[in-house]
Structures are given as C-alpha cells and as structure tokens.
Amino acid sequence: MRKKILTVTAISAAAALALTGCSGASDSGGGLAIDVPDVPMLAELGDTESEVNIVAWSGFVEPAWTDAFTEQTGCTVNRRVAGTSDEMVQLMRTGDYDLVSASGDASLRLIAGGDVQPLNLDLIPNFGDDIVEGMKGQIYDTINGQSYGIPIGRGANILQYNSEVVTEEPTSWDVAWEADTPYAGKVIAYDAPIYIADAAVYLMAHEPDLGITNPYALDEDQLAAAIDLLKQQNGIVSEYWSDPAAQITSFAGGTTVLGTSWEVLRKLSEDERFKSVLPEEGSTGWSDAWMLATESNNPNCAYAWMDYASSPEVNGAIAMNFGMAPANAAFCDTSDEAKAHCDYYNATDEEYFEKVWFWTTPIEQCIDGRTDVTCTNFQQWTDAWVTVKG
C-alpha cells in the first residue's frame, strides 16, 4: 500500500531551496535551468560491487524481483523503506544509501543540495523508446539539460466520490472547494504543504486574474490567495489524510463522501460505490524516479539496478505491486493482466496526464519563467500550511 506521508520537517529545506537563477523554465520536456552544484556524471561502468543500498517507498523493492537481480549481478539489495519524502531526503544525506525512489517534491531538494548526481543514460539501456514520453525530461528531475532521475511510475490526485451520495458525476473540483457545496462537512483533503498546489490549480481555472500559470510557481500574492482558498476549504473539510489506510476508512465509514484520492486507494477499498474523475480544471499528481547519490559507494550496482528495474517486466511488477502507471509502456503488452492494469491507471494516455501537474518542489526562482518577481519556496509553503489548519 502506498504510504507517502508528507508531514514536512523543513529543517533542511530552507538552505537547499533558496535558489536563484537567470534562465527560463519549461513545464515539460526540457527540464529546468537553475544554478546547482557541479557534480560529475559517471563516464563508464566498472565491475559491480557486492551490494546496493536503496531508500524506497513500500512496494518498490521486493524479493520477488530483487532475488533475481542479485543472482544476475552479484549485487545484494539492501532496502530501507521510507514513509515520507522528508525522510528520504534526510536518509540520502547520511551518505549510507546509493539510490532513492524520489518523488517530485523531494527531487529538486536533492539536486539543489548536491546530494544526487546526473545520470549517464547511455549506461541504462532500458531507458529507451518504450519509456512513456510524459515521464522523460521533466522539470522535477531534469536540470540544465541533465537527467537526474530514471522514471518508475506516475499517478494523478483524482477526485473520488461516493456515488450513492454524489449521484451525478462531478465535472469540477468546486464541490470540494466552495463553501456552498452540498457536501460541506463530508470533504476529505490531503494533509501536506504540497497540497497548496491543488488550491493553485483550482485558482488557475477560476481566478485567472491572479496570473498563475504553474501551481508550483507562486509569488507572495498568489500564495496568499491559495492559502485563503485553503482556509475556506478548511471550513467544509471532515478530515485531512496522509495515511492511505485512514483515507480508505474515512470513505468506507461514511465520514467522507468526496475528496482527493489516488486510483489505487479506490481500488484497494474494493467498494463499487466509490468512483473517481479527473475534473475539468486538471489536478496535481506524483511521479517517482530512481536517483543516485553523489557519494555512492556502489555506483556500478546502482546503475545495474536502475537498468534492471526499468525493464518492462520489473518496472511493471513494481507498478502493479504499488498501484500506479508504469514508466515502461512495453509492459502493457506483456499480458492481458498487464493491459488491464495499464488501462486502469491510464498508463499510456498522454492526453490524460497532460492535465496533471506533477509534484515539483517550490523554489525561489519562478519555474514558470518569470524573472520580475521572486517565487515562494518550500519553507514558505510549509509555514503557510500551518496557518491553514491552525
């Protein structure tokens, strides 16, 4: 079960995210241009070491596929399961780990802090044409034209609802944000500073005069508007969730009838009453990638793992075990079960994911390309989030 709890302890965020730069940014495909530490990239592979140490989400690194990897390469896989992006950042900074399965709300922190190194894609043959285009060269893991992440999988933050209570399929997020919603007191919301971006997505559609063009690039006025909306939503929220099990329980017990969810949570509930939709405004989402520690003690085993885990069979096994769209589209053609999984999670539907703004760490350089203002960083988002629930 996915347990990506983002209760932020922004002890390290302030230094890493107080970034400035002069280059423009792209929303996708071209990555981001900012000043980051000059970390060398591995030029060629050597002999594999005896082990690889990985920090990962639960379900990403399992004996069902790690045993075969060890047999093939001689690299023993040592796994440390992390429950939050903050924990992952902190663990990677200990120097004890080679790889991490980072989400977009952690990746820029790791890159900016010099904690991970750029990757030589020529040394990862399975990172090829079968990797879905929407997960290549993204702004959260591609900096100054260099890739720092090998994609694993992705998912959208969808609007889930109880169809016995919400009898018409919602087309807008307004039922979860507006004070006059008929479902006031029965709305569930995500408990994390990154959820500020969800408010920004809604404002992009409903208050265009604010000038928000990227929900992770908010100047002080735009952040204030998002916080005002979140405080309004606080008045209609039944509860906030970060633990997936608690979210499922809230829907199953009737405390909640609609709100932010993941497709895997709806599936795990095994309750036909619960439906989901990607509303017309679009949504936020998450995309995970393997990232290699700058001071990795086992870089050859790490590269071997990234290649192995990017193969259709293994990437697909991770995606099915975890509940997400795989990065390697070739998996979808390996069996009827694989095709059904890919269809359920919209794996190759780029039109669907074009409406999803994947988690990206807010930084002071406006990643929407503006140079006449300073944007708010993750520390400021963290501080602001406290006021929403306070």
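Trainee: Leaving aside its neighbours within four places in sequence, which residues is valine 52 in contact with?

Mentor: Valine 52 is in contact with Phe69, Thr76, Val77, Asn78, Asp98, Leu99, Asn298, Cys301 and Ala302. Bear in mind that this is a predicted model.

Trainee: Where is valine 52 found?

Mentor: In strand 1, which covers residues 51–56.

Trainee: Buried or exposed?

Mentor: Buried, because its relative accessibility is 0% and the cut-off for buried is under 20%.

Trainee: Asn298 was in that list. Where is asparagine 298 found?

Mentor: Asparagine 298 sits in the loop between strand 12 (283–292) and helix 10 (299–309). It has 6% relative accessibility, so it counts as buried as well.

Trainee: And what does asparagine 298 touch?

Mentor: Not counting residues up to four places away in sequence, asparagine 298 touches Glu49, Glu51, Val52, Asn53 and Asp98. Asp98 is also among the contacts of valine 52.

Trainee: Let's step back. How many helices and strands does the protein have?

Mentor: There are 14 helices and 14 strands. The radius of gyration is 20 Å, close to the 21 Å that the globule rule gives for 390 residues, so the protein is as compact as a globular protein of that length.

Trainee: What does the C-alpha trace span along its principal axes?

Mentor: About 65 × 50 × 35 Å. For one distance inside it, the C-alpha atoms of valine 52 and glutamate 220 are separated by 43 Å, and the two are 168 residues apart along the chain.

Trainee: How many of the 390 residues count as buried, as a percentage?

Mentor: 61% of them. Also, among contacts with a separation of 6 or more, 77% come from residues 24 or more positions apart.

Trainee: Now the open sheet. What is the order of its five strands?

Mentor: The order is 9-8-10-7-11, with mixed pairing. Strand 9 and strand 11 (274–277) are the edges, each pairing on one side only. From one strand to the next, the twist averages 30 degrees.

Trainee: Which strands does strand 7 join, and how do they run?

Mentor: Strand 7 is joined to strand 10 by four bridges, running antiparallel. Four bridges also join strand 7 to strand 11, again antiparallel. Leucine 159 stands opposite threonine 260 in strand 10 and opposite valine 277 in strand 11.

Trainee: So where does the mixed pairing come from? What is the sense of pairing for strand 8 and strand 10?

Mentor: Strand 8 and strand 10 (residues 258–261) pair in the parallel sense, over two bridges. Isoleucine 188 has glycine 259 in strand 10 as its bridge partner.

Trainee: Back to strand 7. Which way do its residues point?

Mentor: Ile158, Gln160 and Asn162 point one way, Leu159 and Tyr161 the other, and all are buried. In a regular strand the side chains alternate between the two faces of the sheet.

Trainee: Last topic, helix 7. How far apart are its end C-alpha atoms?

Mentor: They are 21 Å apart, which agrees with the 21 Å its 15 residues (220–234) should span at 1.5 Å a residue. At the start of helix 7, a side-chain oxygen of aspartate 219 comes to within 3.1 Å of the backbone nitrogen of aspartate 221.

Trainee: Which residues of helix 7 are buried, and what do they pack against?

Mentor: Gln222, Leu223, Ala225, Ala226, Ile227, Leu229, Leu230 and Gln233 are buried. The buried residues pack against helix 5 (174–177), strand 8 (187–190), helix 6 (196–206), strand 9 (237–241) and helix 14 (378–389).

Note on methods
Residues numbered from 1 in each chain as written. Predicted model: local features only at pLDDT ≥ 70, side-chain atom pairs only at ≥ 80, totals over all residues. Heavy atoms only, no water. Expected span 1.5 Å × (residues − 1). Buried < 20%, exposed > 50% of the residue type's maximum accessible area, 1.4 Å probe, protein only. Contact = heavy atoms within 4.5 Å. Polar contact = N/O pair within 3.5 Å; in protein donor to acceptor, adjacent residues only side chain to side chain. Pairing = 2+ DSSP bridges. Axes fitted to C-alpha atoms, helices over the stretch in contact; angles between N-to-C directions. Rg over C-alpha atoms; globule rule 2.2 N^0.38 Å.
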